[in-house]
Amino acid sequence: MACPLAQQNGLGARIVTSAVFFTVGTGLILHVRRALLGELRQLRKVAGAAQNVLLRPLPPRIDGLSIAAAQLSADRGASVGGDLYEVIATEHGVRIVMGDVRGHGLGAIATVAAVLGSFREAVHDEPELGSVLKRLERALARHLRERARAEHPSTGLDPDSPVAEEFVTVLLLEIRRDGEVYALNCGHPSPYLLSTGRVEPLASAEPLPPLGPFPLPAELTATHCGQLLPGETLFLHTDGVEDARDTHGRFFPLPAALAEAARTHPVSPQSVLRAVLTQVLRHSGGRPTDDVAVLVLRNDRTRVPAQQAPPAVHHAPRF
């Protein structure tokens, strides 16, 4: 409005005025765009750091077990959703959790944090796997009560059933030094055992209900699932893997994909992980509709031969 040319009615003045306004407007738009992109990059850095603390990257090796893990969120722009996993070496053995929170995306992250935080403490404190699961159940119930209270602060009372629509499927494993595997399964997909080119479900008992809707039994005894021998591999996953569908509505054929991955040599956790996730993304057209998490463990411990008893020494009798 202060420009003298803007007060003139000539065609040349109008062209010059339009060019000035266009240049100034473009500069302002570019400046705002750069500022917004800078803020977006900073927010992504902060979110990535927070997500790495929540679902921290696993080391490639823990107590003689080679490990590979990855998680894909169904929400675009999020690297952590409703799936969770952790592997921790303890004096009781290597303890593993694999879980799936109802729903996916940012809304499930707080529940993931509650379950993982409880697991990371309980595995060191509790000698029995059943006691670890009880700790997870109490932590989840406490978290859901606090969340329900925060969502309905006017009542000042705990809701009657804060876990009515919330649940978490959980698989707990314990791999001892001799390779013996014990498990507790709360409604989670069973893991697969890869051994010398064969793929078979890991032997397990009838699963318990998911955490949340129903209380766990008073007595929890871990199921003995056999032995993970040196060179054998365990494949753990969430239901987002097998539930992935193609354009014709067909589910992802996980056993066939694992059998193909087990035929490659050498079979490593990284190669199995890469092969399965590549096929899942190809099968679903690159956009899975549910969170996907995969955890692969191979026993790289050296087989310890059984010690033989020392030969008996016979002394000649003295006369």
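**Briefing: a six-stranded sheet, its helices and its salt bridges**

In this predicted model, two bridges join strand β1 (residues 61–62) to β2, and the two strands run antiparallel. They belong to an open sheet of six strands, which follow the order β1-β2-β11-β10-β7-β8 with antiparallel pairing. β1 and β8 (198–201) stand at the edges with a single partner strand each, so one side of each is left without a neighbour in the sheet. The points below take up the sheet, the helices that lie across it, the surroundings of phenylalanine 252, and the salt bridges.

**The sheet**

- Where β1 meets β2, isoleucine 62 stands opposite leucine 65, and the hairpin that these strands form has two residues between them, with aspartate 63 taking a positive phi near 50°.
- Strand β2 (residues 65–72) is largely enclosed by the rest of the structure, because six of its eight residues are buried.
- β2 also pairs with strand β11 (residues 292–299), in the antiparallel sense and over eight bridges; in this pairing alanine 70 of β2 stands opposite valine 294 of β11.
- Strand β7 (residues 192–195) pairs with β8 over four bridges, again in the antiparallel sense, and here leucine 194 stands opposite valine 199 in β8.

**Helices across the sheet**

- Helix α6 (residues 269–283) lies across β2, β7, β10 and β11, and runs at about 20° to β2.
- α5 lies across β7, β8 and β10 (233–237), where its direction makes an angle of about 25° with β7.

**Phenylalanine 252**

- Phenylalanine 252 is found in the loop that runs between α4 (239–242) and α5 (254–262), and it counts as buried because its relative accessibility is 6%, below the 20% limit for that class.
- Apart from its neighbours within four places in sequence, phenylalanine 252 is in contact with Val241, Glu242, Ala244, Ala257, Val276, Gln279, Val280 and His283.
- One of these contacts, valine 241, is eleven residues away from phenylalanine 252 in sequence, with 7.0 Å between the two C-alpha atoms.

**Salt bridges**

- Across the whole structure, a search finds twelve salt bridges, among them one between arginine 56 and glutamate 86, whose closest N and O atoms are 2.8 Å apart.
- That pair links distant parts of the chain, since arginine 56 lies in the loop between α1 (11–54) and β1 while glutamate 86 lies in strand β3 (residues 83–90), 30 residues apart.
- Arginine 56 is partly exposed, with a relative accessible area of 37%, whereas glutamate 86 counts as buried at 2%.
- Arginine 177 and aspartate 63 meet through their side chains in another salt bridge, at 2.7 Å from N to O; arginine 177 lies in the loop between β5 (168–175) and β6 (180–186) and aspartate 63 in the loop between β1 and β2, so the pair ties together parts that are 114 residues apart in sequence.
- Of these two partners, arginine 177 is exposed, with a relative accessible area of 56%, while aspartate 63 counts as partly exposed at 32%.
- A further salt bridge brings together the side chains of aspartate 246 and arginine 250, at 2.9 Å from N to O; aspartate 246 is buried, with a relative accessible area of 16%, and arginine 250 counts as exposed at 51%.
- Finally, Arg56, Glu86 and Arg120 are joined into one network by salt bridges that share partners.

Note on methods:
Residues are numbered from 1 along each chain as its sequence is written. This is a predicted model: local features need pLDDT of at least 70, side-chain atom pairs count only at pLDDT 80 or more; totals for chains, interfaces and linings use all residues. Side-chain values use heavy atoms; hydrogens and water are left out. Buried means under 20% relative accessible area, exposed over 50%, partly exposed in between (1.4 Å probe, protein chains only). Contact means heavy atoms within 4.5 Å. Two strands pair if DSSP finds at least two bridges between them. Axes are lines fitted to C-alpha atoms, for helices over the stretch in contact, and angles run from 0 to 180 degrees between N-to-C directions. A salt bridge is a side-chain nitrogen of Lys or Arg within 4 Å of a carboxyl oxygen of Asp or Glu.
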